[in-house]
Amino acid sequence: LAVTPDELGDAWREGRVQMRLHVQCNGARVGEPHGGEMDFSFGQLVAHAARTRRLAAGTIVGSGTVSNVARSAGSACIAERRVIEKLDLGEIRTPFMRFGDRVRMQARFDDGRDGPFGVIEQRVVAAR
């Protein structure tokens, strides 16, 4: 689902989505990083992309993984979490996802209300 900045209201500032992304794997908290810490605004991302490719009206630009400086925010990406564990603990403790695992992601406004993006909830299944 894509939304326009006007649908975010006050949660759209400085070209960034000012919301927490709540991520769970098998019901356990993975992280709640805040989108306001993006290094580059969406305007900067679009400008950079436009230098090397033609962007037509309606092009959707994604920002990639949501990540924060504070480790307490957790992660939105298992690969990132594994690297942080290796750096901080000297070993990787989080396994990659396996068949049957479930991941759930939901953006929420800072006051706790559900965001306009809905919920992404997926189960890892084997290819048929």
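# A guided tour of the predicted model

Begin by selecting strand 3 and strand 4, which pair in the antiparallel sense over three bridges. Two strands are said to pair if DSSP finds at least two bridges between them. Helices (H or I, at least four residues) and strands (E, at least two) are DSSP runs, numbered from the N terminus. The structure shown is a predicted model, in which local features need pLDDT of at least 70 and side-chain atom pairs count only at pLDDT 80 or more, while totals for chains, interfaces and linings use all residues. Residues are numbered from 1 along each chain as its sequence is written, and side-chain values use heavy atoms, with hydrogens and water left out.

## First stop: the hairpin of strands 3 and 4

Select V23, and then G31 in strand 4, which stands opposite V23. The two strands form a hairpin with two residues between them. Which residue in the turn has a positive phi? Select N26, where phi is about 55°.

## Second stop: Q24 and its partner

Select Q24, which has its place in strand 3. Its bridge partner in strand 5 is R104. These two residues are 80 residues apart in sequence, yet their C-alpha atoms lie 5.1 Å apart in space. Strand 3 and strand 5 run antiparallel and are joined by six bridges.

Now display the surroundings of Q24. A contact means heavy atoms within 4.5 Å. Apart from its neighbours within four places in sequence, Q24 is in contact with R29, V30, R102, V103 and R104. Is Q24 buried, partly exposed or exposed? Buried means under 20% relative accessible area, exposed means over 50%, and partly exposed lies in between (1.4 Å probe, protein chains only). Q24 counts as partly exposed because its relative accessibility is 33%.

## Third stop: strands 5 and 6

Extend the selection to strand 5 and strand 6, which pair in the antiparallel sense over six bridges. Select Q106 and find V119 opposite in strand 6. The hairpin of these strands has five residues between them, and G112 takes a positive phi near 95°. While strands are on view, one general point may be kept in mind: in a regular strand, side chains alternate between the two faces of the sheet.

## Fourth stop: helix 3

Select helix 3 (78-89). How far apart are its end C-alpha atoms? The distance is 16 Å, and this agrees with the expected span because twelve residues at 1.5 Å a residue should span 16 Å. The expected span is 1.5 Å times one less than the number of residues.

Colour the buried residues of helix 3, which are I78, E80, R82 and E85. E85 counts as buried because its relative accessible area is 11%. Leaving aside neighbours within four places in sequence, E85 is in contact with G90, E91, I92, R93 and T94. One of these residues, G90, follows helix 3 and has a positive phi near 85°.

## Fifth stop: the pockets

A pocket is found on a 1 Å grid over the protein atoms alone, as an open set of points where a 1.4 Å probe fits, with protein on both sides within 12 Å along at least five of seven lines; lining residues have an atom within 4 Å of a point. Grid points are joined across faces, edges and corners, and a volume is the space filled by probe spheres set on the points.

The largest pocket has a volume of about 1,200 Å³. To find its centre, select V17, F42, G62, S63 and F117, the closest to it of the 39 lining residues. Helix 1 (5-8), strand 3 (20-25), helix 2 (42-52), strand 5 (102-108) and strand 6 (114-123) each give two or more residues to this lining. The lining divides into 23 nonpolar, 13 polar and three charged residues. Here Ala, Val, Leu, Ile, Met, Phe, Trp, Tyr, Cys and Pro count as nonpolar, Asp, Glu, Lys and Arg as charged, and the others, Gly among them, as polar.

The second largest pocket has a volume of about 250 Å³. Select R71, G74, S75, R81 and I84, which lie nearest its centre among 16 lining residues. Which element supplies the largest share of this lining? Helix 3 does, with six residues. By class, the lining has five nonpolar, five polar and six charged residues.

## Last stop: the whole protein

Finally, show the whole chain: three helices and six strands, in the order α-β-β-β-β-α-α-β-β. The C-alpha trace spans about 40 × 35 × 35 Å along its principal axes. Of the 128 residues, 27% are buried.
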